[in-house]
Amino acid sequence: MSTNKITLPMIPLRGLSVFPYMVLHFDVGREKSINALEEAMINDQLIFLSAQINAETDIPTPEDFYTIGTIAKIKQMLKLPGDAIRVLVEGISRGVIEKIIFEDPYFKCEVSEIYEDSSVVDEETEALMRAVLAGFEEYLALNGKISPDIYPSVASIEEPGRLADVITSHMDIRIDQKQEILEAFDIIKRLDILHKLLLRENEVLKIERDINIKVRSQINKVQKEYYLKEQLRVIQEELGQDENIEEEIENYTNKLKKLKLSKKIHEKVQKEINRLAKTPSSSAESAVIRNYVEWILDLPWNKHTKDNIDIKFAKEILDQDHYGLEKVKERVLEYLSVRKLSKSMKGPILCLVGPPGVGKTSIAKSISRSLNRNFVRMSLGGVRDEAEIRGHRRTYIGAIPGRIISAIKDAESNNPVFLFDEVDKIGNDFRGDPASALLEVLDPEQNKEFTDHYLEVPFDLSNVMFITTANTTETIPRPLLDRMEVIDVSGYTEEEKVNIALKYLVPKQKKEHGLDEKHLILSEQVVRDIINYYTRESGVRNLERQIANICRKAAKRIVEDNISSVKINSVNLHKYLGKKKYRYDVIEVGNEIGVTTGLAWTVVGGDTLSIETVIMEGTGKLVLTGQLGDVMQESAKAGISYIRAKANDLGINPHFYKEYDIHIHIPEGATPKDGPSAGVTMCTSVISALTGIPTDKKVAMTGEITLRGKVLPVGGIKEKVLAANRAGIKKVLLPSENEKDIEEIPDNVRKKLEFVLVENMDEVLKHALVRENE
């Protein structure tokens with residue numbers, strides 16, 4: 001390699017590199033560049049060309065272009081409109097700017113011309129030349145923008161330096177990459193740089209080709225689908241079918257993708273959508289498929305509400321909506337506490353059992369509000385068809401999903417509070433057993449994949465909080481009852497009813513009837529009188545009706561008589577509600593022979609029973625009256641057998657069963673009575689009649705009796721004790737095993753009564769009979 005210094009005008013090129021042996025034309029428009037061209041044409045037509053570092057620069061300085069460029073000869077000049085000149089040049093050799101002589105009116109530089117010696121080609125150079133040619137051949141095949149016809153002329157070049165320059169000039173690469181090759185004076189290094197550049201460009205072109213193939217394939221598919229759809233649309237128009245089916249199918253498909261269902265469900269629904277696309281819209285089958293697809297797409301598969309796990313807030317809501325019901329509230333708060341600690345807990349299945357009107361249904365609504373969940377209710381009273389639960393198969397005309405799936409759809413979330421009301425009143429007939437269908441729904445291990453007959457795909461119910469209500473567990477099938485957590489909701493005490501009325505019912509009814517505090521004045525005693533003399537129930541429904549009745553009459557008086565307020569008291573209460581409808585037994589003054597006070601449980605709360613026994617000369621007959629059930633009659637007979645066995649110890653004639661007739665009567669004969677809990681009461685009454693010893697009127701008792709005189713536990717202790725307190729009883733005899741039930745009795749009642757726990761009849765008689773020496 002040798003050099004020769006010459007002085008030449010210079011043009012900075014924008015976005016263009018010129019190599020030796022390269023012939024090309026470019027346009028010149030800048031004043032300095034035109035001046036440089038004119039100077040070159042005056043002399044020997046030689047000019048120095050160098051690429052600008054940044055093509056955006058309009059007025060370059062020496063720092064804005066490369067110092068290494070190409071000495072070229074101007075072959076032709078052509079003036080263009082607008083003072084621009086198109087120049088045809090041929091690259092001669094490389095050159096290096098040694099110094100800038102002046103910059104105005106054009107760049108004039110002292111340039112060292114580089115001469116290359118390409119006469120000797122060794123083995124390494126030959127190998128590099130072959131590799132570069134192979135790479136260039138592949139580049140031509142991949143690029144597509146350059147004609148492959150140039151390859152033979154390029155391959156015929158024997159000088160390695162010239163080969164590298166010609167190949168580079170044909171490549172579509174960046175200016176800085178071309179400049180790197182232009183600045184490589186060493187021929188082997190130049191070939192090596194070019195070889196690496198060709199390898200990289202070929203890899204990029206391969207990736208670009210693959211992308212283009214995929215895009216083109218996709219475009220071709222889209223075009224094909226569009227063409228076919230257009231044909232189908234025209235055919236449908238000719239047949240008079242709905243042309244919007246395409247849009248509908250696309251809408252269904254997009255909805256299905258957004259649901260992100262399991263693969264199995266997705267494929268099934270997609271298959272139905274495809275069937276819909278092929279089925280004529282005038283066909284009856286089209287409506288069936290469309291209905292099915294819409295049901296699937298409208299279900300809240302992955303949509304749920306976020307639980308409120310603030311225990312204090314939930315407790316405030318439960319207390320705000322309901323007075324009492326502590327067991328239910330406690331269970332809900334326990335569930336929330338566990339949810340706070342464990343996110344994976346399944347929804348509990350609670351069964352609230354209690355008499356009508358105690359708030360079982362309304363507490364379920366409060367639970368949903370406290371959890372921040374949606375609420376849905378399904379009444380099971382009188383449901384006899386299994387399809388109500390599981391739905392109808394699609395083979396039937398007019399088939400629809402069961403009410404459970406329908407309710408989940410209405411809830412718009414997959415974790416609502418779901419209330420099954422009146423679960424104890426499910427029936428069954430030839431159409432199936434709904435109770436058996438509920439077994440899967442109310443089993444946490446199975447309801448994760450509840451399959452409705454209509455949908456035919458599993459839906460996850462494990463996040464649903466199921467609550468069922470019932471008045472009794474007796475009519476609930478055992479397998480179904482076994483799947484539920486039973487919470488007894490007992491009837492309200494008088495104190496609880498008073499609190500509910502004053503805190504909830506009275507304000508609610510006043511608001512509904514347009515009354516404020518000053519319009520209607522109700523004292524606590526008036527509320528007690530309404531409870532005691534105008535209602536007889538475990539709940540508060542009738543109490544609310546009576547309060548509403550008072551509000552209506554008060555509103556009428558305010559409007560008619562133009563008065564500002566109405567005050568209700570015990571004296572004038574009958575003017576609004578009429579005569580007293582009920583009475584409560586109150587103990588009579590004085591102790592009597594053969595009359596004992598028993599305690600009974602009814603669906604509307606507790607009550608007292610006055611059991612009477614008379615002894616008459618006769619042949620040993622036992623007469624039982626007062627509509628006594630079988631169990632109660634058997635209890636009376638067991639008591640008589642006990643008395644016969646213990647006659648001598650009790651001081652009774654051992655032959656009383658032969659010489660006397662015994663008549664046991666329980667007043668209010670129109671009311672049926674049954675159960676074993678009056679056993680000790682009837683036995684005590686008979687012993688009192690046979691011995692002539694009176695019973696203590698202030699003592700009431702309950703308990704089942706055995707032939708050996710043992711007293712067995714009974715139920716309904718809370719209600720029975722409240723009835724005893726209301727009747728004025730001072731002492732209550734309870735089976736010893738019922739000691740745990742005393743804790744459920746309100747404190748104010750417990751303080752008024754004396755409780756005696758008994759294990760046998762001897763202890764009962766000790767407290768019940770009033771002997772002369774006592």
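These questions and answers walk through a predicted model, from aromatic pairs to strands.

The model is predicted, so local features need pLDDT of at least 70, side-chain atom pairs count only at pLDDT 80 or more, and totals for chains, interfaces and linings use all residues. Residues are numbered from 1 along each chain as its sequence is written, and side-chain values use heavy atoms, with hydrogens and water left out.

Me: How many aromatic pairs does the structure hold?
Reply: Rings of Phe, Tyr and Trp (its six-membered ring) pair if their centres lie within 6.5 Å; planes under 30 degrees apart count as stacked, over 60 as edge-to-face and the rest as tilted. By that test, the number of aromatic pairs is nine.

Me: What is the angle between the planes of F65 and F107?
Reply: These two rings form an aromatic pair with centres 5.4 Å apart. The pair is edge-to-face, and the angle between its planes is 75°.

Me: How many residues apart are F65 and F107?
Reply: Helices (H or I, at least four residues) and strands (E, at least two) are DSSP runs, numbered from the N terminus. F65 lies in the loop between strand 3 (46–51) and strand 4 (68–79). F107 belongs to strand 6 (residues 107–115). The pair links distant parts of the chain, and the separation is 42 residues.

Me: Is F107 buried or exposed?
Reply: Buried means under 20% relative accessible area, exposed over 50%, partly exposed in between (1.4 Å probe, protein chains only). F107 has a relative accessible area of 2%, so F107 is buried.

Me: Which residue lies over the face of F107?
Reply: A charge sits over a ring if NZ of Lys or CZ of Arg is within 6 Å of the ring centre and within 35 degrees of the ring normal. Here the distance from the ring centre is 4.6 Å. The residue is K32.

Me: Why is the pair of F418 and F420 tilted?
Reply: The ring centres are 4.8 Å apart. The pair counts as tilted because its planes meet at 35°.

Me: Which residues form one aromatic cluster with F418?
Reply: F418 is buried at 0% relative accessibility. F420 also counts as buried, at 0%. The cluster partners of F418 are F420 and F466.

Me: Which helix gives the most to the largest nonpolar core?
Reply: A nonpolar core is a set of buried Ala, Val, Leu, Ile, Met, Phe, Trp, Tyr and Cys residues joined through side-chain atoms within 4.5 Å. The largest has 53 residues, of which I404, F418, F420, L438 and V441 touch the most other members. The most to this core, six residues, comes from helix 9 (residues 284–298).

Me: How far apart are the end C-alpha atoms of helix 19?
Reply: The expected span of a helix is 1.5 Å times one less than its number of residues. Helix 19 (residues 541–561) has 21 residues, so it should span 30 Å. The end C-alpha atoms agree, at 30 Å.

Me: Which residue just after helix 19 takes a positive phi?
Reply: Buried residues in helix 19 include L543, I547, I550 and I558. Just after the helix, phi turns positive, at about 55°. The residue is N562.

Me: Which residue does a cis peptide bond join to D104?
Reply: Omega of this bond is about 10°. The partner is found in the loop between strand 5 (85–102) and strand 6. It is P105.

Me: Is E412 buried or exposed?
Reply: E412 is found in the loop between helix 14 (403–411) and strand 9 (417–421). It is not a glycine, yet its phi is positive, about 60°. Its relative accessibility is 51%, so E412 counts as exposed.

Me: Why is strand 23 largely enclosed by the rest of the structure?
Reply: K731, L733 and P735 point one way from strand 23 (residues 731–735), and V732 and L734 point the other way. The strand is largely enclosed because the buried residues number five of the five.

Me: Which residue in strand 24 stands opposite L733?
Reply: Two strands pair if DSSP finds at least two bridges between them. Five bridges join strand 23 to strand 24 (residues 754–758), and the two run parallel. Opposite L733 stands V756.
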